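Please open the structure in your viewer and keep the selection tool at hand. The tour goes from one selection to the next and says what is found at each stop.

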Amino acid sequence: MPGKTVDNTNNIHSILVVDDEEHIRNILCEILSSMDYNVKAVENGQEALIEIKSEAYDMIITDLMMPKMTGLELLDCVKAIAPDIIVIMMTGFGTIASAVDAMKKGAYEYVLKPFKLDELVYTIKRGLEKRELEKANVQLKETIALLQLNDAIASGIGEERILGIIIDVTLKEIEADVVTCLLKNNETNKYETRLKHSKEKKYFGKLLGEIDCESIDEMYEQGEVLLLQKKEIRKKFKALPQAKDIVSFISIPLKIKNKVIGTINAYSFTQGHYFTDGQCKAAAIIAGRTASIIDNAQLYENVQNTFKDTVKSFAYAIETKDKYTHGHSEKVALFTELICHAMELPDEDIERIKLAAQLHDIGKIGINEEVLNKPGKLTIEEYEIIKGHPLMGTRILQPLHFLKDIIPIIHHHHEKYDGTGYPDGIKGADIPLGSRIISVGDTYEAMTSDRPYRKGLSHAVTVTELVRCAGTQFDPGIVKIFIKIMEEGYKKK
Ligand SMILES: [Fe+2]
Ligand SMILES: [Fe+2]
């Protein structure tokens, strides 16, 4: 059969000729090849369908009257499988009415047989221009999506959600079946899937997994973007059985300061849906934006961590003044973390509540040391001063915007479940969950530790006290969980 091998990795247009007459196929292949198009010819509609399912074509030039499957039937199938392909009908004088029908069904144009060469060339060029315009339109839509993405980023939401939006935008705009984001784990030096989004979960089992990145790492170092179509995917990933189901694949490195830190991969499993160069470019722009977001987020996290460490060292500074309270906040944080895990709270919440526990008594910095460390009974006035520490904590932390979520937890850590606590006397579920959790850990730690005026109480006595005050001072559910944790821990010992 005449014609070149179809190669869709460059910008050369690919044309499929469908005609049952061999001399027509030969003539068209010769003409189109001489015009530097990639061209292939088949003799019937069924072969044409097999071809467009395995390769990406820009245009089909098909005869109208053919045995087995007519040009109109082929047109219907093409529009269902790959609606973007430009279809030109070839027809004799007697079938012009059918050719007009074909145009109503979505064919781009018809040419009369025997065709005049210049007319045919003109029609093909115009058709391919239309195809390019449509691609440009897709790119415009992608640019709009990128602008929307910028808006989301500017609104200052967290890294995880931004990555989610990026993956969704990519999924929608390039009409992918699955988009994944993999980030390099510096310890294992492997790419790990951070996020994967899909319209249908059934595709998740068909992904190339972590291996794909390993094998294309070298190309990434050279800054290349991969756009692979069906056969090329099978060739590139021949060791992976799942490669046979992938119709089109884009893989783009996420680079920060010329170092590859991850990858965005887009998959098409839909027959006839091949990613275009335009879509690949759009995905590359999105990936570029993603890399800078991750970079900024990491930088921001570093700054935040430095701040948090500084604040923590302030909080611990107060404890070093008094050997009896030394290590109190860390122990309370440990109990708090255990309770949070037992309650199966989300990681973000655990992180927040644990930090609040580490800082819960930071307000004591503002209290006179003599009052704070007084061995005997406190006067009413002195007790009022001590009671001011949650409020003082709020005042100390208020200017630190990134700690805004933990301030209410610290503010309310001395509230009681029945509303008789301080500073605001709120009760039950009105008290932030983190405060209710810290309250239990804080009391247990304080009661079991030695104080200037008494020895630490035993575990059994402290637990009895916690149970006695469940429902009045403490959230009873949390007390129950805490006792279970402690008893399981003791059993282990
Ligand atoms: Fe406290
Ligand atoms: Fe405390």
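The stops below are a sheet and then a pair of helices.

This is a predicted model, in which local features need pLDDT of at least 70 and side-chain atom pairs count only at pLDDT 80 or more, while totals for chains, interfaces and linings use all residues. Residues are numbered from 1 along each chain as its sequence is written, and chains are lettered from A and ligands numbered from 1 in the order in which they are written.

**The sheet**

Select β7, β6, β10, β9 and β8, which in that order form an open sheet of five strands with antiparallel pairing; strands here are DSSP runs of E with at least two residues, numbered from the N terminus, and two of them pair if DSSP finds at least two bridges between them. Because β7 (190-198) and β8 (226-229) stand at the edges with a single partner strand each, one side of each is left without a neighbour in the sheet. From one strand to the next, the twist averages 20°.

Now narrow the selection to β6 (residues 178-185) and β10 (residues 259-268), which pair in the antiparallel sense over six bridges. Within this pair, look for Leu-183, which stands opposite Gly-262 in β10.

**The helices**

Next, select helix α10 (residues 328-342) and helix α16 (residues 433-448), helices being DSSP runs of H or I with at least four residues. Their axes, lines fitted to C-alpha atoms over the stretch in contact, with angles running from 0 to 180 degrees between N-to-C directions, come within 8 Å and cross at roughly 130°.
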